Amino acid sequence: MEAKKRIFSGIQPTGNLTLGNYIGALRNFSLLQDEYDCLYSIVDLHAITVRQNPAELRKACLRTLAIFLASGLDPEKNIIYFQSHVHQHAELSWILNCFTYMGELSRMTQFKDKSQKHADNINAGLFTYPVLMAADILLYQTDLVPIGADQKQHLELARNVADRFNKIYGDVFVVPEGYFPKVGARVMSLQEPTRKMSKSDPEDTYIAILDNPDIIRKKLRRAITDSESEVRFDPENKPGVSNLMSILSALSGKSMEAIQADFANTGYGAFKDAVADAVISALEPIQKRYAEISADKEYLQKVLTSGAERADAIARRTMRKVRKKVGLAPLEL
Ligand code: TYM
């Protein structure tokens, strides 16, 4: 039997996971779980590149874990774990730092954005963040990385570093490919639809996966559109409406043309309500399961322990190879 291809992806446990995280990444995780051998990580080491409240961060990690499970990820089929529980991420990251150029890292748009946002804390971790992400992916010999469009540049860097390393030492790493959703790879802010929806922005700009139906409807009713009344997909001139159409299309499977036809004569009110209905019916089942799962600490503990053990077993194999290739002597001579 041919071995299944491997998937790795990660989500930062910061603040509230958003509809963007769901459509761009999380939803694909459970769609891929039968066909692939998958690892899904809560990337807590990435989260500390900006200052976090420790108690809040610990809570957010558990919340994210419960959301992963509530979204339908089966912990038997998938390896679900916290990044910091598998020390090889940090170890490989250091080694890959020595194969990554300053110039490459200074071109990363997320670094430029984040250093503007956190001008008082432009730390070295923020700069080498993409190297840790490359380590996450390469550690598991990953074939496919399901991500939103905003992570494309980081994935490209991981591919370049893998290639460079392979050219020097022979085929050590699988060079990964990205897996992007056809619609919704970049869900935009509800208030500033030319920017991506982000969990670090103000509350009214995003829908959280755990927002209740009333809040979801309210936020969508207040979403910025334009002064026309035509539901038409035109991201350049109608970014707000086009964003809502993408959300509806991603969740309902309907084409842009069908959506346009459905709302040809209705105006924005009915359209926004339909978007709200689609979002609520996608998120409500997750929220129900979340309430049960997050109360079951014993279950969460089991998932974490088993996830870390299984991830470690794979990571260890890659590290043995990498250490040998770069010339680090083993403990047993
Ligand atoms: P993070 O935590 O910002 O986002 C998690 C995932 O959600 C996607 N995403 C979006 N997709 C569509 N529209 C949006 N508005 C939107 N916002 C976020 C992201 O593209 C991502 O797939 N560096 C990563 C985490 C990471 C990782 C990895 C991912 C660390 N190591 C290895 C893949 C593989 C990040 O900050 O994602």
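In this predicted model, 26 residues surround the ligand. Those that come nearest are Tyr 129, Asp 136, Gly 148, Asp 150 and Val 187. The shell is mixed in class. Twelve of its residues are nonpolar, ten are polar and four are charged.

Polar contacts to the ligand come from both backbone and side chains. Asp 150, one of the nearest residues, places an N or O atom of its side chain 2.4 Å from a ligand oxygen atom. The backbone also takes part. A polar backbone atom of Gln 12 lies 2.8 Å from an oxygen atom of the ligand. Asn 21 uses its side chain instead, with a polar atom 3.0 Å from a ligand oxygen. Cover by the protein can be given as an area. Alone, the ligand would expose 700 Å², and the protein buries 97% of this.

The ligand occupies the space of the largest pocket. Three elements each give two or more residues to the shell around the ligand. They are strand S1 (residues 6–11), helix H1 (19–32) and helix H7 (124–139).

A sequence annotation can be placed on the same model. In an unreviewed UniProt entry, residues 13–21 are annotated as a short sequence motif, the 'HIGH' region. The C-alpha atoms at the two ends of this span are 11 Å apart. Helix makes up 33% of the span, and strand makes up 0%. The annotated range ends at residue 21, and Asn 21 has the 3.0 Å side-chain contact with a ligand oxygen described above.

Conventions:
Residues numbered from 1 in each chain as written. Predicted model: local features only at pLDDT ≥ 70, side-chain atom pairs only at ≥ 80, totals over all residues. Heavy atoms only, no water. Near = heavy atom within 4 Å. Polar contact = N/O pair within 3.5 Å; in protein donor to acceptor, adjacent residues only side chain to side chain. Areas by Shrake-Rupley, 256 points an atom, 1.4 Å probe, with all protein chains shown as cover. 1 Å grid on protein atoms, 1.4 Å probe; cavity = no way out; pocket = protein on both sides within 12 Å on 5 of 7 lines; lining within 4 Å. Sits in = over half its atoms within 2 Å of the grid points. Helix = DSSP H or I, 4+ residues; strand = E, 2+ residues; numbered from the N terminus. Nonpolar A, V, L, I, M, F, W, Y, C, P; charged D, E, K, R; others polar. UniProt positions renumbered as here; feature names shortened; annotations may be inferred.
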